[in-house]
Amino acid sequence: MKLDPKIPSGPLEKKWEKHIMEGKLVNPANKRKYDIIMVGSGLAGASAAATLGELGYKVKCFTFHDSPRRAHSIAAQGGINAAKNYQNDGDSVYRLFYDTIKGGDFRSREANVYRLAQVSVNIIDQCAAQGVPFAREYGGLLANRSFGGAQVSRTFYARGQTGQQLLLGAYSALSRQVGLGTVELCANEEMLEVVVIDGHAKGIITRNLNTGAITRHSAHAVVLGTGGYGNVFNLSTYARNSNVTAAWRAHRKGAAFANPCYTQIHPTCIPVSGDYQSKLTLMSESLRNDGRIWVPKKRDDKRPPHQIPEDERDYYLERKYPSFGNLAPRDISSRSAKEACDDGRGVGETGLGVYLDFSDAIKRLGADTIKERYGNLFDIYKEITDESAYDVPMRIYPAVHYTMGGLWVDYNLMSNLPGLFVMGEANFSDHGANRLGASALMQGLADGYFVLPYTIPHYLAELDRDGAPSTDDAEFVKAEEEVKARTEKLLSNKGKQSVKSFHVRLGKIMWDHCGMARTKEGLEKAIKLIPELREEYWADVRVPGEGKELNQSLENAGRVGDFLELGELMCRDALTREESCGGHFREEHQYPDGEAMRDDEKFAHVAAWEYKGEGQEPVRHTEELEYESVKFATRSYK
Amino acid sequence: MNVKLRVWRQKNNETEGRFENYEAKDLNPNMSFLEMMDVVNEDLTDSGDEPIAFAHDCREGICGTCSCMIDGKPHGPEHGVATCQTYMRSFKDGDTITVEPFRAKAFPIVKDLVTDRASFDKIQQAGGFITIRTGAAPDANSIPIGKEIADLAMDAAACIGCGACVAACKNASAMLFVSAKAGQLNLLPQGKPEKDRRVLSMVAAMDEAGFGNCTNQYECSAACPKLISEEFISKLNRDFVGATVRSSFKAKPLV
């Protein structure tokens, strides 16, 4: 397997411009001769489908939701970064680029990240013009706030609902194209297979979730914007239906899966309260602008927070990282919370929680200002916990939130499987080993509005303009049969255990052994346990109901089946990455003060895994990360 | 705590539905309503029955997928929350809870508690957008917008497209939904040039989808999980009258 990142030559600042100039174009009259399949309708999928439709391509946009507006991008709360420097505080494209590289612990691809920072400014313009109601100052100009891992205020936001508003902006652009007939919207359709003909991705097989109908769709190129795979942990901040199936099916057909072990554990989530829990709820990181994180200095201190005097509190982030304090990046904040709890100083019933305290900010700014900034987040907290964060400190604990790993792509966002493009969280390229807050929305929209529409013509222009292959092609028939066989196998299995029970068990293995801190021993154990669980799954899972109608157990069964394969790969990746970097922390590799120890000599590379078949060990390939502009530095937020 | 459930079961849109009774036992009051439904579904699966189909996804009140009518109220007894943000502590031990789908002609039932709300997408496609080509936007700060207007637009934009407004309305009107999207875009300077077109197209699409008329009782606003104000309906009515009048006097170029 050859992994050529296809990074353009020339100085970093000029690469993207040069690449656009040197790339091939598709004549406007010819664009309508190209069919493009877009899988996913989140920020990346909706923005790309709308833009490509507008350019004149024939686009089909698939979503397994009942409407494109339900994609999980909608749940992002905090904001979107852009190097506008509207605050006159020293921001620039280079600074956003550098912060992202450093935040990603020097494990992302330099040229991609620079491009991301460059186009970030266009995103804000585009969204404002669409009518996204960003927060504004009294003078009518856009407001900003600061976010973890940065010392400038470059985050644009729409209350605590930034993802919702950006997605609705992209959805409105997509809806306009659907109305104009340039994009065909295929809702309630789940992609279950990629079709590869002569080594190129040429189509997909989908199952209609409402009718069970299985259909073949062919195209000149297939684009995945299908999100991340954090639900492999079962409990996470992801929507319940988020899954890896589209990406995993592509992986099985030859697309390399890069850095699967890079998982982001978000520091500010509402702690788990019981074993019935179905999901974890994020409290936006923006809260750390005004909230102070602390635990009691004494172990097993059961006093209520207001009875613990100031000098008996440990504001551990402020103590350990004085220059970033409560705004230390996510991986560092999460790990510090875990350390405090492992040390017996956690709070709440389970001892797995730390305080996020607003009392100083309320004294300083007044409850009204705090309400204005975070009112909806305080409301969510109250709904879930029945406690008012205006009166008592919030209790928070880290939870799985985002996956930096994903399908390997080159500079054009094309995977190693020609014709298969991957955008947003589903690809691996921009966030390295740790994503900074407010950068996911930026990447999703950058890929969809401003990158893919420029890079996909390079591929299309190389193809002959004949129609997309016939769906009667033997490969389509074969792929459809595979989907049908798998569905039939699940329905006819008639085992004893529910799909959910397996998902819970897999999640526990992953959280225990491939979570916030990983060890060789634990990972080896997981690599033994997961295949056993997988075998048990296929022997004993029970999927009630029929295939020819809405069957949510069947949907979940397919997705959990794929998670059971992915989980093992994540552990293998974590085991072979003998260093600590970003969200990947190996206990064997740390400095005496507990900080992560990177190994740039041996691991300044992307690990991209090749699928070799069921029951076969996957093969690890590498892409060296070459930094032309940035020098490796120990990532310090002290 | 324990509760009894009366749940609407319906195989598909062609067959008739009926209420079935279930018991949910040993619940924690801090469970969400949907987590309680998960427990019931696990029990059904274990006993070889088919679980209850219900729509859900983000489980944090923002995606708008969940849509249960609980004891006759869209999203249940609490004010300003979606079904997924309803917790069992809102009910009493021993309660019987009736669970139904959102009912409206324009929302056909797919199965059990799941309905098809594609009619909302159709309205959006008719005019719920500002026409702006990707890459053609001016600098974001070149369009100043007063904070009050921006905040009001955000109030309207908070709509999650769940359809509770339609389910709450005796006429199954979609006026709150349409007025929220049209209101957001019409308030902003970027949305002014195509304001009349937008209003006329969206209202036409709403009528075509089979939604009923608004008779100003505002059950919609009371049931809205995002508490969108009925004043947006008044604004839509004003904008609609203006657009209708202006469209009957076709603008002529000044010579």
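Here is a short chat about a predicted model with chains A and B.

Reader: Let's start with chain B. How many helices and strands are there in it?
Author: The C-alpha trace of chain B spans about 80 × 40 × 35 Å along its principal axes. Among its contacts between residues at least 6 apart in sequence, 69% join residues at least 24 apart. As for elements, chain B has eight helices and seven strands.

Reader: What percentage of chain B counts as buried?
Author: To count as buried, a residue needs 20 or more other C-beta atoms within 10 Å of its own. Chain B has 255 residues, and the share of them that counts as buried is 53%.

Reader: And strand β2 of chain B, how many of its residues are buried?
Author: That strand covers residues 18–24 of chain B. Seven bridges join it to β1 (residues 3–9) of chain B, and the two run antiparallel; B:Lys4, for one, stands opposite B:Glu23. Still, β2(B) is hardly covered, and the count of buried residues among its seven is zero.

Reader: Which element gives the most to the side of chain B that touches chain A?
Author: In all, 67 residues of chain B are in contact with 63 residues of chain A. On chain B's side, the elements giving two or more residues are α1 (33–46), β6 (109–111), α2 (118–127), α3 (147–157) and α5 (175–187). By class, that side has 30 nonpolar, 20 polar and 17 charged residues. The top contributor, with seven residues, is α1(B).

Reader: Over to chain A. Is strand β1 of chain A enclosed or open, and why?
Author: Take its two sides: A:Asp35, A:Ile37 and A:Val39 lie on one, A:Ile36 and A:Met38 on the other, and all are buried. In a regular strand, side chains alternate between the two faces of the sheet. Five of the five residues in β1(A) (residues 35–39) are buried, so the rest of the structure leaves this strand largely enclosed.

Reader: Which residue of β2 in chain A is the bridge partner of A:Met38?
Author: β1(A) and β2(A) (residues 58–62) run parallel, joined by five bridges. Within that pairing, the partner of A:Met38 is A:Cys61.

Reader: What is the handedness of the crossover from β1(A) to β2(A)?
Author: Between the two strands, the chain passes through helix α3 (residues 43–55) of chain A. That makes a β-α-β crossover, and its hand is right-handed.

Reader: Which residue in β9(A) does A:Ile36 stand opposite?
Author: Strand β9 of chain A (residues 221–224) is joined to β1(A) by four bridges, and the pair runs parallel. Opposite A:Ile36 in β9(A) stands A:Ala221.

Reader: Which helix gives the largest share of the largest nonpolar core?
Author: This core has 283 residues, and those with the most contacts inside it are A:Val223, A:Leu407, B:Cys165 and B:Val166. Leaving aside neighbours within four places in sequence, A:Leu407 is in contact with residues including A:Ala247, A:His251, A:Phe257 and A:Phe428. The largest share, 12 residues, comes from residues 440–460 of chain A, helix α12.

Reader: Last one: which helix is included in what covers the buried residues of α1(A)?
Author: In α1(A), residues 15–22, the buried ones are A:Lys15, A:Trp16 and A:His19. Seen down the helix axis they fall within an arc of 95°, so they line one face of α1(A). What covers them includes residues 110–130 of chain A, helix α5.

Terms used:
Residues numbered from 1 in each chain as written. Chains lettered and ligands numbered in written order. Predicted model: local features only at pLDDT ≥ 70, side-chain atom pairs only at ≥ 80, totals over all residues. Buried ≥ 20, exposed ≤ 12 C-beta atoms within 10 Å, placed from the backbone. Arc of directions from axis to C-beta. Contact = placed C-beta atoms within 7 Å. Nonpolar A, V, L, I, M, F, W, Y, C, P; charged D, E, K, R; others polar. Core = buried A, V, L, I, M, F, W, Y, C linked by C-beta atoms within 7 Å. Pairing = 2+ DSSP bridges. Right-handed = clockwise from strand over helix to strand, strands pointing away.
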